[in-house]
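Student: I would like to take a close look at one part of a structure and have it explained step by step. Could you show it to me first?

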2 protein chains.
Amino acid sequence: MFQLKNPQTIARTSLHHELVNRMQTLIINAELEPGAKVPEKLLCDQFGVSRTPLREALKVLASEGLVRLEPNRGAWVTRVTIEEVEEVFPVLGALEALSGELACKNITDAEIDAIRDLHARMLKSYEDSDLDEYFSINQKIHRAILVAAGNGTLTSSCEALSLRMQRARYLANMTQGRWYDAVQEHEQILAFLIARDGPNLALTLMGHMNSKKLSIVKWLKLEGDTKYGEASDVIV
Amino acid sequence: MFQLKNPQTIARTSLHHELVNRMQTLIINAELEPGAKVPEKLLCDQFGVSRTPLREALKVLASEGLVRLEPNRGAWVTRVTIEEVEEVFPVLGALEALSGELACKNITDAEIDAIRDLHARMLKSYEDSDLDEYFSINQKIHRAILVAAGNGTLTSSCEALSLRMQRARYLANMTQGRWYDAVQEHEQILAFLIARDGPNLALTLMGHMNSKKLSIVKWLKLEGDTKYGEASDVIV
DNA sequence: TGACTTAATTATGAATTCAAAATTAAGTTG
DNA sequence: CAACTTAATTTTGAATTCATAATTAAGTCA
């Protein structure tokens with residue numbers, strides 16, 4: 001059953017905003033599972049808040065696509081569907097491409113050095129086959145490029161979509177082959193960034209997003225095929 | 001003072017969602033003015049609802065950037081700033097470019113005919129100097145291209161950003177010269193769409209967004225310069 | 001009078017309450 | 001005992017209440 005990892009009560013500053021963040025984390029970490037009902041009462045107890053701010057947060061999460069509100073039936077964690085993945089990644093591709101273009105125009109040497117460090121650490125985690133660490137650093141690199149691009153609107157648009165795709169993180173594993181390719185793509189990304197080659201960085205980032213899409217869709221299709229065998233586990 | 005145009009009470013289905021829509025309309029129509037405080041109590045009375053669903057809607061509007069929540073000071077309609085315009089339009093450009101690419105791949109002849117009709121009506125409104133009608137049809141054309149692109153995520157991302165920029169509608173007028181240019185750009189857009197020339201449509205849409213940006217920024221800068229003269233009107 | 005302090009009022013954020021809907025449990029009948 | 005009906009329980013959505021913060025108004029004194 002669902003159990004909160006950090007049950008401490010929330011500080012009372014901008015309560016609903018804090019709750020949005022907390023529940024985002026619960027969802028992308030699959031502590032609240034896809035398709036599951038959001039346990040309103042339990043969460044209120046865990047967070048030590050009343051239903052009012054929690055429900056405010058749920059409306060925001062619904063507008064972000066992380067939960068679905070069913071009339072008189074409460075909030076449900078949305079499932080990552082193939083259709084959604086095929087919609088979101090092209091958009092993310094266009095946005096990341098723009099972030100690459102802008103980053104090449106605006107990035108400082110210090111920022112490049114920081115990304116170079118992150119990249120090295122990511123390679124290390126690849127060699128160690130530490131997938132959690134890899135994902136975490138990978139995220140940080142994309143975020144660092146966004147920050148270097150210097151467009152806050154772009155950053156939040158990307159992150160909103162990225163969050164939705166992170167729900168697939170605990171569904172779709174990477175194959176060894178895909179992992180290797182992803183690392184190669186990141187080598188290119190770093191190289192074009194250092195060269196401040198905007199157009200090529202944009203193309204590479206767009207391709208990178210497309211590869212991610214194909215990889216996740218492939219996994220979801222496989223999972224869909226085997227699903228009936230474990231249906232009892234999933235439904236009950 | 002603020003006065004609701006359609007004061008009828010709201011039907012009780014998905015109340016907060018309906019309130020989000022209503023308040024979006026109030027904001028983009030400048031019935032709730034930029035920089036103004038959102039009159040919670042008044043709106044509750046006008047809409048015939050309690051504060052709970054209204055405040056839920058305000059959290060969603062805040063996440064969309066249409067209002068800003070100040071701790072213990074309530075919700076305030078955000079102002080369209082030059083910085084924001086300079087951030088949002090490049091993102092919109094990238095998204096509309098993608099919508100052009102996808103539309104050229106997926107659009108049907110019937111959809112093209114419908115857009116051709118809209119285009120003709122838009123030309124008519126230009127000749128009549130009917131700016132409201134022009135804006136309205138303009139919107140519809142961009143939306144039709146998005147629909148033809150067949151990517152719901154892209155559509156909602158675009159529309160969220162587009163909403164924010166529509167707040168400038170009642171601030172920034174178009175000059176005759178800019179209006180003429182915009183019409184020319186739309187001629188190109190239609191031509192590339194009919195030719196199903198994705199890359200060129202993408203480029204044109206991106207350029208179109210850039211022109212819009214320059215036009216609005218120019219206006220806002222002008223307005224900023226003259227602002228002190230009418231400061232008393234604005235502040236009081 | 002005008003700057004400052006203090007009291008009354010109002011608005012805000014969140015908890016609580018309440019009616020209606022959905023779900024579950026308990027009967028009931030063939 | 002399985003299918004159906006009805007009653008009890010729980011959950012949901014929204015209104016109301018309540019403590020606290022912010023604002024306004026009233027009073028104070030140089």
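Student: Which residues in helix 1 of chain A meet which residues in helix 3 of chain A?

Tutor: Please keep in mind that this is a predicted model. From helix 1 of chain A, the residues that take part are Leu15(A), His16(A), Leu19(A), Val20(A), Met23(A), Gln24(A) and Ile27(A), and they meet Pro53(A), Leu54(A), Glu56(A), Ala57(A), Leu58(A), Val60(A), Leu61(A) and Glu64(A) of helix 3 of chain A. Sorted by class, the residues of this contact are eleven nonpolar, two polar and two charged. Two packed helices are described by the angle between their axes and by the distance between those axes. Here the axes of helix 1 (residues 15-28) of chain A and helix 3 (residues 51-64) of chain A come within 8 Å and cross at roughly 55 degrees, and the two helices are therefore oblique to each other. The crossing of helix 1 of chain A and helix 3 of chain A is right-handed.

Helix 3 of chain A also has a part in a second surface, since helix 3 of chain A and helix 3 (51-63) of chain B each supply at least two residues of the surface near DNA strand C. That surface has three nonpolar, five polar and eight charged residues, and of the 16 residues around DNA strand C, those that come nearest are Ser50(A), Thr52(A), Arg73(A), Lys37(B) and Arg51(B). For Arg51(B), an N or O atom in the side chain is 2.8 Å from a base nitrogen of DNA strand C, whereas a polar backbone atom of Asn72(B) is 3.2 Å from a phosphate oxygen of DNA strand C.

How values were computed: Residues are numbered from 1 along each chain as its sequence is written. Chains are lettered from A and ligands numbered from 1 in the order in which they are written. This is a predicted model: local features need pLDDT of at least 70, side-chain atom pairs count only at pLDDT 80 or more; totals for chains, interfaces and linings use all residues. Side-chain values use heavy atoms; hydrogens and water are left out. Axes are lines fitted to C-alpha atoms, for helices over the stretch in contact, and angles run from 0 to 180 degrees between N-to-C directions. Helices (H or I, at least four residues) and strands (E, at least two) are DSSP runs, numbered from the N terminus. Angles under 35 degrees count as roughly parallel, over 145 as roughly antiparallel, 65 to 115 as roughly perpendicular and the rest as oblique. A crossing is left-handed if the near helix is turned anticlockwise from the far one by less than a right angle, and right-handed if clockwise. Contact means heavy atoms within 4.5 Å. Ala, Val, Leu, Ile, Met, Phe, Trp, Tyr, Cys and Pro count as nonpolar, Asp, Glu, Lys and Arg as charged, and the others, Gly among them, as polar. A residue is near a molecule or strand if one of its heavy atoms lies within 4 Å of it. A polar contact is a pair of N or O atoms within 3.5 Å; within protein, one must be able to donate a hydrogen and the other to accept it, and residues adjacent in sequence count only if both atoms are side-chain atoms.
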